[in-house]
Amino acid sequence: MHVMLRKGPSPEQKGSEQDAMEGQGAVLAKRLATLLSGLLECMCFAGVIFGWASLVFVLKDMHYFEELCVPAANGTGNGTQGPDCRAQDEKLSLVFTIGSFMNNFMTFPTGYIFDRFGTMPARLLAISLYTSGTVLIAFSSAATALILFPAMCLLSVGGILFILTNMQVGNLFGKHRSTIITLYNGAFDSSSAIFLLVKLLFEGGLSLRAMFLFLSACSIWHLTRTFFLMPRWHIPYPLPSGYTYGLRCERQGCSSYLHEEQHPGPGDGAQEPSNPRVEPGPGDADARKALKGNGESGAGPGHGEQQPAKSFRACVFSKLFFWHLMWLSVMQLRHYLFIGTLNPMLEHLAGGDTALVSTYTNAFAFTQLCGVLCAPWNGLILDRHKRGKTKEGSAKGAVDPLADLRSCVLSLAVTALQCVAFSVCASVPVLPVQYVTFILQVLSRSFLYGGNAAFLAIAFPLEHFGKLYGLVMGLSAVVSLLQYPCFALVKGPLGDDPFYVNIGLNIVILLAFVSPLVVLRECRRRAKEQDEPRADPSPPALHKSGVESSI
C-alpha cells in the first residue's frame, strides 16, 4: 500500500512569500510616511500667510510702519486719545493683499512647472522661495519694513507649491482620494496658526529673528521629503500595480527613482524611463494610461472606446470651469477681506482695548487649527456620496464615471451655504458674535479650498490638473485684489463703518450657488447621452459611428 504524502511548500517558495509580504509592508509604511509627513508639511508651512492677523500684532509691537501714524489732534481723529494709525493699518493690509494675491496668481505658472517638469523641480523651487522669504523676515526691522512685501510674496508662492505637490499623495490611497485631498487643504488652512505660535513666543520673550531663522532651517526637512518620500515626476491615478517612488538606498548604493513607473515627457504622452536598468513591469500599460490622465469623470485615453480626454483649451472655455471660477472667486474675496481687516475691525469693535483685541486675535488663530479637522468632512461627502453607484449592465459592478461628478453637487452647495452664514455673522457689529464668525469662517474656508482641488481633479483630465488649479487660483486672485479698495472705502468715505460693504458682499456671494446647479445640469446631460446609445437599435458599426459623430 502506497501512502500519498502531500508536499508542502518548498523553502524557496516560503522565502519568496515572506519577501513579498515584507515588500508589501515596506510599501505601505512608505506610503503612510509620505501621507503623514506631507500632512505635517502642509500644516506647518504651506499657508502661514493666512495667520496674518497674529503677525500684524507682532509687527505693530515692533513699530513696523509706525512712522505713518499721526497724533489724533492733528489728524482726522478716531475717537481715542492715541495716535491715528489708519495709514499704518492700510499699509499692513496692502502687504497681506499683495501676498495673498501672489499666493493665487502665481499658482498658474507654478502649476505649469509642476505639470511640465515634475515634482522634484517644483519642490526644489518651493524650498528656495520659502527659505528666501523666511530669511528676509528674519533680518527685517522697522527701518526696513518694506522688505515685508517681497518676503510675504515668497512665502506665499513657496507655500502654494508645497500644497500643490502634496495633493497628489491622495492618488496613493484609491477610494480615500478625495478625503486626503481635502485633508491636505485643511492642513493648509491650519498652518495659519503658526503665526499665532510666533505671536505667543514673541510675547514670551523670543525674538522674531530667531523664530524665522528656525523656519529657514526647516528646509532640511523639505529636502529630505523631496528626495525620499516624493516621486520624481507625478503619482498617477488610478495607481498602477507595483508602483514605487522616491530614492532607494541598497547595498549597491542609492539609485534615484530607480523603480518609479513611467513618467510623462515633454509631450502629452508618456515616455520610457531614462534609466536603462528599469525593467518593464506588468503595470506599465496601466501606468502610461494613468499618467496621460483620465478624461472627465474618469473617461481618459486608453479606456476602451470612451471619448478622449478634453484639451486644456476646451476645459478652460467650458461652463463648468467658468462657474467654478465664480464660485471660488466670490467666496475667496469674502475670506481675504475678513482676514486682512480683522485686526482693525477688532480694534474698532473693542474701542481700542489692546488686551481685548489680543484675546480675540488668539481665539481666531486657535480656531484656524480646526481646519485640518473640518476639511475631511467635505472629502467624506465626496467619497461617500458616490458609493454604491455602478454602471448598469456591468457584471463587475464598475463605478459609474458620473458618480464622482454627481458627488460634487452637494459639496459645492454646502460650501456656498456655509460662506453665506459666515458672511452674515461677520456683518453683525457685535464683538461676542465674532466667536461664532470665527467658527463658521474656518469651516467655510476649509470646505472651500478642499472642495476646489477635489472638483478640479474629478471634473477635468488629470493631465491638466496643475495648469487648471493654477489658472483658477490665478484668475480668482485678480478678483481678490478688490479687498484693498473695499478696505480703503471702509476707512475713508464710510468712516470705519463696513455695513454697506458687508451687505454688498452678502449679495455677491449668492452667485456661488450657480455652480452646483450647472454641475447638476451637466450630470443629467451626460447621463442622457449615456442612455441614448443603449436604446439605439442600429447595428454595432453604425452605432459606433453615431457615438463618434456626437463627440
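A cavity here is a set of grid points where a 1.4 Å probe fits but cannot get out, and a residue lines it if one of its atoms is within 4 Å of a point. Keep that in mind, as we'll start from the inside of this predicted model and work outward.

How many cavities of 30 Å³ or more are there? The count comes to one, and the largest cavity has a volume of about 70 Å³. Its lining is made up of Trp-52, Ala-53, Val-56, Lys-60, Asp-89, Leu-92, Ser-93, Ile-339, Gly-340, Asn-343, Pro-344 and Phe-487. Sort those residues by character and you get seven nonpolar, three polar and two charged. Helices α2, α3, α13 (319–340) and α14 each put at least two residues into the lining. Which helix gives the largest share? That's α2, with four residues.

So let's follow α2. It spans residues 52–61, and nine of its ten residues are buried, so the helix is largely enclosed by the rest of the structure. The buried ones are Trp-52, Ala-53, Ser-54, Leu-55, Val-56, Phe-57, Val-58, Leu-59 and Lys-60. Note that Lys-60 is on that list and also lines the cavity. What do the buried residues of α2 pack against? Their partners are α3 (86–105), α6 (148–166), α8 (194–203), α9 (208–217), α14 (342–349) and α15 (354–368).

One of those partners, α8, has buried residues of its own: Ile-194, Phe-195, Leu-196, Val-198 and Lys-199. Just after α8, Gly-205 takes a positive phi of about 110 degrees.

Trp-52 turns up again when you look at the nonpolar packing. The largest nonpolar core holds 115 residues, and Trp-52, Leu-208, Met-331, Phe-455, Phe-460 and Tyr-469 are the members that touch the most others. Apart from this core lies another one of six residues, including Leu-333, Cys-486, Val-490 and Val-501.

Now walk off the end of α2 into the loop that leads to α3. Most residues other than glycine have a negative phi. This loop holds residues that go the other way. His-63, just after α2, sits in the loop between α2 and α3 and has a positive phi of about 70 degrees although it is not a glycine. Phe-65, in the loop between α2 and α3 as well, has a positive phi near 60 degrees. Are these two buried or exposed? His-63 has a relative accessible area of 43%, so it counts as partly exposed. Phe-65 is at 2%, which means it is buried, since the cut-off is under 20%.

The loop also carries a disulfide. A search of the whole structure finds one, formed by Cys-69 and Cys-85 with their sulfur atoms 2.1 Å apart. The two cysteines are 16 residues apart, and each is in the loop between α2 and α3. Cys-69 is buried, and so is Cys-85. Why is the disulfide called right-handed? Because the torsion about the S-S bond of Cys-69 and Cys-85 is about 120 degrees.

What about other cysteines? Cys-408 is in no disulfide, and the nearest cysteine sulfur, that of Cys-523, is 7.8 Å away. At 1% relative accessibility, Cys-408 counts as buried. Cys-315 has a relative accessible area of 0%, so it is buried too.

Further along the chain, take a look at Ile-503. Its place is in helix α21 (residues 499–508), and at 35% relative accessibility Ile-503 counts as partly exposed. Ile-503 and Ser-427 are 76 residues apart in sequence, yet their C-alpha atoms are 7.5 Å apart in space.

That pair is a handy lead-in to the chain as a whole. Among contacts between residues at least 6 apart in sequence, 77% join residues at least 24 apart. The chain has 23 helices and four strands. Of its 551 residues, 51% are buried.

If you want one element to trace in the viewer, try α2: nine of its ten residues are buried, it gives four residues to the cavity lining, and its Trp-52 is among the residues that touch the most other members of the largest nonpolar core.

Key: Residues are numbered from 1 along each chain as its sequence is written. This is a predicted model: local features need pLDDT of at least 70, side-chain atom pairs count only at pLDDT 80 or more; totals for chains, interfaces and linings use all residues. Side-chain values use heavy atoms; hydrogens and water are left out. A nonpolar core is a set of buried Ala, Val, Leu, Ile, Met, Phe, Trp, Tyr and Cys residues joined through side-chain atoms within 4.5 Å. Buried means under 20% relative accessible area, exposed over 50%, partly exposed in between (1.4 Å probe, protein chains only). Contact means heavy atoms within 4.5 Å. A disulfide is a pair of cysteine sulfur atoms within 2.5 Å. On a 1 Å grid over the protein atoms alone, a cavity is a set of points where a 1.4 Å probe fits but cannot get out, and a pocket is an open set with protein on both sides within 12 Å along at least five of seven lines; lining residues have an atom within 4 Å of a point. Grid points are joined across faces, edges and corners, and a volume is the space filled by probe spheres set on the points. Ala, Val, Leu, Ile, Met, Phe, Trp, Tyr, Cys and Pro count as nonpolar, Asp, Glu, Lys and Arg as charged, and the others, Gly among them, as polar.
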